[in-house]
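Hi,

Here is the structure I said I would pass on. Have a look at it first, and then read my notes underneath.

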Amino acid sequence: MAEFSHTFPAARGIQSGRPCYVAMCPLRLVPKIFIFDGQEVPPELRAQRVLNRTRIPDIVSYLVDNPSDYTLSGITASIDGQVSFEPSTDTGLGQNLGLLFISMDAKILINDGQHRREAIVQAIEQNPELGYDNIPVLFFIDDGLKRSQQMFADLNKHAVRPSDSISTLYDHRDALSELARNIVREVKVFSRLTEMERSSISNRSSKFFTLSAIKNASKALLMKGKNTPITEDEQELAIQFWNEVAENMMDWQLALEKKVATCDLREQYVHAHGVMLQAMGQLGADLICKPKSQWCEILQGLQKIDWARANSDWEGRAMHHGRISKARSSVVLSGNYIKQQLGVPLTPSEQEYEESFK
């Protein structure tokens, strides 16, 4: 072993016949120890993707804004150099617990976690106290470029991003997620008919809305040209708006009372889809600035709109070639149609969409 080495308390294990080690590393040592293979060389000669620097600021803000309440997943790295492990005991469980010695001459290349590494560097510059926290590291012995490339492919092959709905359900820092959860609790039709985990609804599901669609629609309702935090009064206003919308959507009430199957409504009507919910949020943004009695009266006109897919007016707006569209233009054009049916004037930007559509 080299005279000078990094020493980590570690646990030893075996994966696919190769030794591996798990250790806790102080964050302040991460930029000094771990190398990111980000040099300007062809992809086939690298073991990592190019660093996407647009991702870094969000991670940095997350760490700096939540120094006592963040969660950071581990780093996976390959050691190209001398390694030795000194177990705490010769027998029993202790033989896989001990000290990991890594030569200071060794290269420690990150296989997974390069964006976390860069974010840690920047976050410690802003808040040096973070440097005393730890991050778990899974060390492998480097078996060459081909093996490192395969490790990267394997580590990312089965990664699945959680659905927007379950992220909204579990995110207690995001104000819009909190708003969506409150609306679902307080609006009866939402509380009974919302899919809380998935962002799409299967044909056999008894649910009618998704939590992510309610979040997006409520964002359109309250955040139009607004960057300030959502107040309690605004939350209450959003709940009142969605309750009033639900009262005037007769098919929603039939679904709530189980007098019609939600799958039939999704198949035959446009109002059963997220694009229409967001369009109503867009409509509401221009209504809730009026007195409540006035916008409540306007929303009664929802009862007279023909929401059937068979209504050709929806083609090119909520639908394209008979299929529901989630495009931004579909949201705007659908909202425009609802406004026209309710006698609500279009904004200049909405009028531009309308002219292009015509």
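Below is what I found, going from the cores to a few single residues and then the salt bridges.

One caution before the rest: this is a predicted model.

**The cores**

I began with the largest nonpolar core, which has 52 residues. The members that touch the most others are Phe 190, Trp 242, Trp 252, Trp 307, Trp 314 and Ile 338. Quite a few helices give two or more residues to this core, among them H6 (175-186), H7 (188-193), H8 (211-222) and H9 (232-247). Further along the chain, H10 (250-256), H12 (274-287), H13 (292-299) and H14 (328-342) are also on that list. There is a second, separate core too, with 32 residues, including Tyr 21, Ile 56, Ile 79 and Ala 119. As background, nonpolar side chains in soluble globular proteins tend to be buried together.

Phe 190 is a good place to start looking at the big core. Leaving aside neighbours within four places in sequence, Phe 190 is in contact with Ile 183, Val 184, Phe 209, Ile 214, Trp 242, Trp 252 and Leu 277. Two of the other well-connected members, Trp 242 and Trp 252, appear in that list of contacts.

Trp 307 is the other one I would zoom in on. Trp 307 sits in the loop between H13 and strand E11 (319-320). With a relative accessible area of 6%, Trp 307 is buried, because the cut-off for buried is under 20%. Not counting residues up to four places away in sequence, Trp 307 touches Met 249, Tyr 269, Val 270, His 271, Met 276, Met 280, Leu 302, Trp 314 and Ile 338. Of these, His 271 is 36 residues from Trp 307 in sequence, with 6.1 Å between the two C-alpha atoms. Leu 302 adds a polar element: its backbone oxygen lies 3.2 Å from a polar atom of the Trp 307 side chain.

**Two of the helices**

Which residues of H13 are buried? They are Trp 295, Cys 296, Ile 298 and Leu 299. Seen down the axis of H13, these fall within an arc of 160°, so they line one face of the helix. Ser 293 and Glu 297, on the other side of H13, are exposed. The buried residues of H13 pack against H9, H12 and H14.

H8 is mostly covered, with 9 of its 12 residues buried. Among the buried ones are Leu 211, Ile 214, Leu 221 and Leu 222, and also Ser 212, Lys 215 and Ser 218. From its first C-alpha to its last, H8 reaches 16 Å, close to the 16 Å expected at 1.5 Å a residue.

**A buried serine and an exposed glutamate**

Ser 78 is in strand E4 (residues 75-80) and counts as buried, at 1% relative accessibility. The Ser 78 side chain makes a polar contact of 2.6 Å with the side chain of Asn 111. Neighbours within four places in sequence aside, the contacts of Ser 78 include Lys 107, Ile 108, Leu 109, Phe 140, Asp 142, Ser 148 and Met 151.

Glu 129 is in the loop between helix H3 (114-126) and strand E8 (134-141). At 57% relative accessibility, Glu 129 counts as exposed. The C-alpha atoms of Glu 129 and Cys 25 are separated by 15 Å, and the two residues are 104 apart along the chain.

**Salt bridges**

How many salt bridges does the structure hold? There are 11. Here are some that I looked at:

- Asp 112 pairs with Arg 116, with the closest N and O atoms 3.3 Å apart. Asp 112 is buried at 18% relative accessibility, and Arg 116 is buried at 16%.
- Glu 118 pairs with Arg 117, with the closest N and O atoms 3.7 Å apart. Glu 118 counts as buried at 16%, as does Arg 117 at 13%. Both are linked with Arg 53 in a network of salt bridges.
- Glu 178 and Arg 181 meet at 2.5 Å, N to O. They are 3 residues apart in helix H6, so about one helical turn separates them. Glu 178 counts as partly exposed at 29%, whereas Arg 181 is buried at 6%.

Happy to talk it through once you have had a look.

Cheers

Conventions. Residues are numbered from 1 along each chain as its sequence is written. This is a predicted model: local features need pLDDT of at least 70, side-chain atom pairs count only at pLDDT 80 or more; totals for chains, interfaces and linings use all residues. Side-chain values use heavy atoms; hydrogens and water are left out. A nonpolar core is a set of buried Ala, Val, Leu, Ile, Met, Phe, Trp, Tyr and Cys residues joined through side-chain atoms within 4.5 Å. Buried means under 20% relative accessible area, exposed over 50%, partly exposed in between (1.4 Å probe, protein chains only). Helices (H or I, at least four residues) and strands (E, at least two) are DSSP runs, numbered from the N terminus. Contact means heavy atoms within 4.5 Å. The arc is that of the directions from the helix axis to the C-beta atoms. A polar contact is a pair of N or O atoms within 3.5 Å; within protein, one must be able to donate a hydrogen and the other to accept it, and residues adjacent in sequence count only if both atoms are side-chain atoms. The expected span of a helix is 1.5 Å times one less than its number of residues. A salt bridge is a side-chain nitrogen of Lys or Arg within 4 Å of a carboxyl oxygen of Asp or Glu.
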